[in-house]
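Grab a pencil and have a go at these exercises before you read the solutions. Each one sets a task and then works through it step by step.

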Amino acid sequence: MRDRVTMRPPTRRRRPLHLLILALLALGLSACGDAEQNALLPAGPYAQEPHDLIIPVAIIALVVFVLVQGLIIYSSWRYRERADDDGSLPEQVHGNTRLEIVWTVIPALILAAIAVPTVQGIFSQMAEPDDDFMTIEVIGHRWWFEYYYPDHDIYTANEMVIPANTPVRLQMTATDPARDASQGVIHSFWVPRLAGKQDLVPGQTTFLNLQADEPGRFLGMCAEYCGLSHANMRIRVEALDDGDWQAWVDNQTSPATVPDEGTLEARGRELYGDLGDRQACASCHQVWEGDGSRSPGQGPDLTHLMSRQEFAGAIHDLDAENLRAWLADPESMKAMNYELDGIGMPNLNLTDDELDALVAYLLALD
Ligand SMILES: [Cu+2]
């Protein structure tokens, strides 16, 4: 007997323990990864509100969980099978009106009490803020967010720039491609540190308020599965103090840089408008040089491209190397399936010389 016991390989017994430790580590470390997308670290009033609801609800849920699980564990232990059981059934009970009323009424009261701040919160996230606010239109595309500032006639993408300490009212919809609402899909806007979560629905307008109390960068992402590159549809909110915000608005409302004639950048600008028998960049993008009002194409506005830090759904750093890779083969940088679905940006088979000139031009669009 004893031999058999010692012969059992010791590793077998420890495996569950190892797995448990690994699982706990993974859980703990995953929390360290991105503290920036954390609804438990609210950075403004519209995120504070859901936060102040999450905490008490979580505590109530925890108490209920411990109580119910505790009772289950207690009764399985208390009424476990014993050596001296004679095999007869325990006393059979059916129903206990008083208990049943108690455990129906208490949860009903808890739910009713939680419903009041929940409904209030939902409306305050969507209603017009009491103080002076700024409106930004948000358009969900497959798979990038576009922002339009109606007060300033500014179009931008991926990075939303806002003044700190000012309520911002997002007026949102979804369209795609070629701005055809019937082709759009549902997205969801979620920047956990600044606001609750709200869907963008084709053909409808939805609202969401957000505010950052301090300047800073706040991350978010599309929170409604919307197809192939859903995971590549990120949101960056840059909250600026008054001076930086004014400088940003002044830059965005000024026309794009037009490079001096004879330069590589100028050659890039020509190619941007005309690629021979290939589709021109200008047919999908807009670089506003001051004539007429800004009107967006199928792709992001590039007028002040280099004022942003990331591109293509805010997944790549905006630098020469990445831009070149993007123009040479967009599909290799972000799954879009342009060939099949016509979504995203096509591969225009650019030569090395064309790439040099186009990248130089884009880098000049500051
Ligand atoms: Cu999406």
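The exercises below go from the whole chain down to single residues, and the model they use is predicted.

**Exercise 1. Confidence**

Task: Find the mean pLDDT of the chain, and say what contacts residues 1–7 have beyond near neighbours in sequence.

Solution. Start with the overall figure: the mean pLDDT is 90, and 94% of the residues reach 70 or more. Then look at residues 1–7, where the pLDDT is below 50. Beyond near neighbours in sequence, that stretch has zero contacts in the model.

**Exercise 2. Overall shape**

Task: Decide whether the chain is more spread out than a compact globule or not, using its radius of gyration.

Solution. First, take stock of the secondary structure: 10 helices and 12 strands. Next, compare two numbers: the globule rule gives 21 Å for 366 residues, while the radius of gyration of this chain is 29 Å, so the chain is more spread out than a compact globule. For the box, line things up along the principal axes; the C-alpha atoms fill roughly 100 × 65 × 40 Å. Burial comes next: 27% of the 366 residues are buried. Last, check the contacts between residues at least 6 apart in sequence: 65% of them join residues at least 24 apart.

**Exercise 3. The largest nonpolar core**

Task: Work out which residues touch the most other members of the largest nonpolar core, and which helix gives the largest share of it.

Solution. A bit of background: in soluble globular proteins, nonpolar side chains tend to be buried together. Here the largest core has 53 residues, and Val-138, Leu-194 and Val-237 touch the most other members. Helix H10 (residues 352–364) contributes the largest share, with six residues. Now zoom in on Val-237: leaving out residues up to four places away in sequence, Val-237 touches Met-160, Ile-162, Val-191, Leu-194, Ala-212, Phe-218 and Gly-220.

**Exercise 4. H6 against H10**

Task: Describe how helix H6 (residues 264–273) and H10 cross, and name residues that make the contact.

Solution. Two packed helices are described by the angle between their axes and the distance between the axes. For this pair, the axes come within 7 Å and cross at roughly 100°. Angles of 65 to 115 degrees count as roughly perpendicular, so H6 is roughly perpendicular to H10. On the H6 side, the contact residues include Leu-264, Arg-267, Gly-268, Leu-271 and Tyr-272. On the H10 side, Glu-354, Ala-357, Leu-358, Tyr-361 and Ala-364 are among them.

**Exercise 5. Buried or partly exposed?**

Task: Classify Gln-211, Ala-174 and Asn-251 by their C-beta neighbours within 10 Å.

Solution. The cut-off to keep in mind is 20 or more other C-beta atoms within 10 Å for buried, and 12 or fewer for exposed, with partly exposed in between.

- Gln-211 has 25 such atoms, so Gln-211 is buried. Gln-211 sits in the loop between strand S8 (206–210) and strand S9 (216–222). Its C-alpha is 5.3 Å from that of Gly-44, although the two are 167 residues apart along the chain. Besides Gly-44, the contacts of Gln-211 outside its sequence neighbourhood of four places include Pro-45, Tyr-46, Thr-166 and Leu-194.
- Ala-174 has 26, so Ala-174 is buried too. Ala-174 belongs to strand S5. Past four places in sequence, its contacts include Ile-139, Gly-140, Val-185, Ile-186 and Leu-200.
- Asn-251 has 13, so Asn-251 is partly exposed. Asn-251 is part of helix H5 (residues 242–252). Setting aside neighbours within four places in sequence, Asn-251 is in contact with His-304 and Ser-307.

**Exercise 6. Backbone oddities**

Task: Say where Trp-143, Asp-153 and Asn-165 are found, and give the phi values of Asp-153 and Asn-165.

Solution. Begin with Trp-143, in the loop between strand S1 (134–141) and strand S2 (144–149). The peptide bond leading into Trp-143 from Arg-142 is cis, with omega near 0°. Move on to Asp-153, in the loop between S2 and strand S3 (154–157). Its phi is near 55°, a positive value in a residue other than glycine. Finish with Asn-165, in the loop between strand S4 (159–163) and strand S5 (168–174). Phi of Asn-165 is near 65°, again positive in a residue other than glycine. For burial, Asp-153 has 13 other C-beta atoms within 10 Å and is partly exposed, and Asn-165, with 14, is partly exposed as well.

Key
Residues numbered from 1 in each chain as written. Predicted model: local features only at pLDDT ≥ 70, side-chain atom pairs only at ≥ 80, totals over all residues. Core = buried A, V, L, I, M, F, W, Y, C linked by C-beta atoms within 7 Å. Helix = DSSP H or I, 4+ residues; strand = E, 2+ residues; numbered from the N terminus. Contact = placed C-beta atoms within 7 Å. pLDDT = per-residue confidence, 0-100. Rg over C-alpha atoms; globule rule 2.2 N^0.38 Å. Axes fitted to C-alpha atoms, helices over the stretch in contact; angles between N-to-C directions. Parallel < 35°, antiparallel > 145°, perpendicular 65-115°, else oblique.
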